[in-house]
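Please open the structure in your viewer and keep the sequence panel beside it, since this tour moves from one selection to the next.

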Amino acid sequence: MYAFCLYVVLLFAYKENVVHFLFNNACVRLLRFAKQKMLMVSRFRYLKGFLVDVLMNLIFIVIFVMKNNTERKMRIEENYSLEKHNTFHLPVKTRWFMEYASEEELGRILRDEYFQECLSLHIGGGSNLLFINDFNGIILHSQIKGISVAEETDDSVLLRIGAAEKWDDVVAYAVSKGWGGIENLSLIPGEAGAAAIQNIGAYGAEIKDVIEAVEAYNQLSFEKRTFTNEECLYGYRSSYFKNEHNDPYIVTYIYIRLSKKPQFSVGYGNLKEELAKCPKVTLQAVRDAVISIRRQKLPDPDELGNAGSFFMNPVVPAAQYEKLKEQYPEMPSYPAGEGKVKVPAGWLIEQCGFKGKSHGPVGVYEKQALILVNLGDARGHEIALVAESIRTAVNDRFGIEIMPEVKYVG
Ligand code: EPU
């Protein structure tokens, strides 16, 4: 009976890939215990005590295995489909897919020789990726979750957030607590870690405005480093982590400071109009207004594959803009620092006649020309081709180079 229980537990442990279980003290203890009791049971007089001990040990094992299973969620898959891991829903595969649930597991992966030899890419929610081909390497994905209060004062709260938290869940949580600063960034797809790397922005706000620090692991030296906001070198949709010339880092946690006495930033065009419908401006009202605008203007990736803005808004010298303005008086713009002007890429693309048009299985969204959509069975290279023809057309007509915000892979 005892041997049978032991067998079942070991089988379970093996099946669940809890390999380290075998090396654990508990197992050694269990085997020693079983041997001892087997000797005793032959004399029968210890039967009652033996059964109690067996029960106690089984409980101990079950707790141990459950603990192992909750703490060690490392997942390794071979020839794994990435369809659910990219919001274009491209049917690409990766040779290996690895998901880790703790910094220790990440450390183990980074130190692994095979990992070091392979091509690897860390992804978040896949909402900013364009896979051109299958990925012949290792795709890494974090499962480090959790939102905790790292510091609290009368005026503010500092949150420590696991990189794998869904960004919009973080916003919903903050709004429900009455903490302001990220409500304008509602409904942006993706995960918290990638949001900090990408410096997501919308409706007059950017995540850099609330980031206090970022915890990350150096992929080469395996050292953990905490970056201050300044060290993150944030710019428009850019950061230290996005610059390929810097050491590669994997973000594990981000720290954001939110206000208990929120100041609303509602000046952005259509947000102002949407909020005018509300009797009172509250955090929830701002979140609801942003969600409503996004739902009206942007396609839901679950229904129509897309990666949000495909291009970044180009920043041009003010002199170039003034010249273009003479020819196109209606050309919109935003100030972008001294002597520089940001022009909405959506406007440039619309002027070139792409808005609402489809090119085989690839479409340019009818309500926002900045967004390319997968109309069904598009492949990465087809999307890239349409993007290239858009870039060329904008350059030919306006002399402005627009750059993809989406990262090409493969
Ligand atoms: N416009 C057009 N035609 C279009 C789209 C835009 O003429 O098809 C012009 C209009 O003049 C409009 C202006 O562009 O007033 C700005 O458009 P919108 O408010 O939609 O903003 P955007 O500059 O196109 C940026 C972000 C979006 C973010 C919105 C709202 C980038 C690359 N995109 O878009 O972010 O939601 O502002 O703040 O900066 C994303 O990054 O994935 C994303 C959706």
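A residue is called buried when its relative accessible area is under 20%, exposed when that area is over 50%, and partly exposed in between. Keep in mind as you go that this is a predicted model.

**First stop: a pair of strands**

Select R257, which has a relative accessible area of 23% and is therefore partly exposed. Now add E151, whose relative accessible area of 37% makes this residue partly exposed as well. The two form a salt bridge, in which the closest N and O atoms are 2.8 Å apart. If you colour the secondary structure, you will find E151 in strand β6 (residues 147-152) and R257 in strand β12 (residues 249-259), so that the pair links distant parts of the chain, 106 residues apart.

**Second stop: a helix joined to a strand**

Next, select E103 and K224, whose side chains meet in a salt bridge with an N to O distance of 3.0 Å. Because E103 lies in helix α4 (residues 103-111) and K224 in strand β11 (residues 224-228), this pair ties together parts that are 121 residues apart in sequence. Is E103 buried or exposed? With a relative accessibility of 16%, E103 counts as buried, whereas K224, at 39%, counts as partly exposed. Add R160 and E215 to the selection, and you have a network of salt bridges that links these residues with E103 and K224.

**Third stop: the end of a helix and a loop**

Move on to R391 and E401, where the side chains meet in another salt bridge, 2.8 Å from N to O. R391 belongs to helix α12 (residues 380-398), while E401 sits in the loop between α12 and β20 (407-409), 10 residues apart from its partner. R391 counts as buried, at 17% relative accessibility. How many salt bridges does a search of the whole structure find? The search finds 19 of them.

**Fourth stop: the nonpolar core**

Hide the charged side chains for a moment and select W167, I182, V214, I254 and I256, which are the residues with the most contacts inside the largest nonpolar core, a group of 42 residues. Several elements give two or more residues to this core, among them β7 (156-162), α6 (167-177), β10 (211-218) and β12. Which element gives the most to this core? That element is α9, with six residues.

**Last stop: the ligand**

Finally, select the ligand together with the 24 residues around it, of which Y203, Y236, Y268, E350 and A369 come nearest. Zoom in on the side chain of E350, where a polar atom lies 2.6 Å from a nitrogen atom of the ligand, and then on N313, where a polar side-chain atom lies 2.8 Å from an oxygen atom of the ligand. At A369 you should look at the backbone instead, since a polar atom there is 2.8 Å from an oxygen atom of the ligand. On its own the ligand has 800 Å² of accessible area, and the protein covers 82% of it.

Colouring the shell by residue type shows 12 nonpolar, six polar and six charged residues. At least two residues of this shell are supplied by each of β8 (201-202), α9 (283-297) and α11 (345-351), and the largest share, three residues, comes from α11.

Conventions:
Residues numbered from 1 in each chain as written. Predicted model: local features only at pLDDT ≥ 70, side-chain atom pairs only at ≥ 80, totals over all residues. Heavy atoms only, no water. Near = heavy atom within 4 Å. Polar contact = N/O pair within 3.5 Å; in protein donor to acceptor, adjacent residues only side chain to side chain. Areas by Shrake-Rupley, 256 points an atom, 1.4 Å probe, with all protein chains shown as cover. Helix = DSSP H or I, 4+ residues; strand = E, 2+ residues; numbered from the N terminus. Nonpolar A, V, L, I, M, F, W, Y, C, P; charged D, E, K, R; others polar. Salt bridge = Lys/Arg side-chain N within 4 Å of Asp/Glu carboxyl O. Buried < 20%, exposed > 50% of the residue type's maximum accessible area, 1.4 Å probe, protein only. Core = buried A, V, L, I, M, F, W, Y, C linked by side-chain atoms within 4.5 Å.
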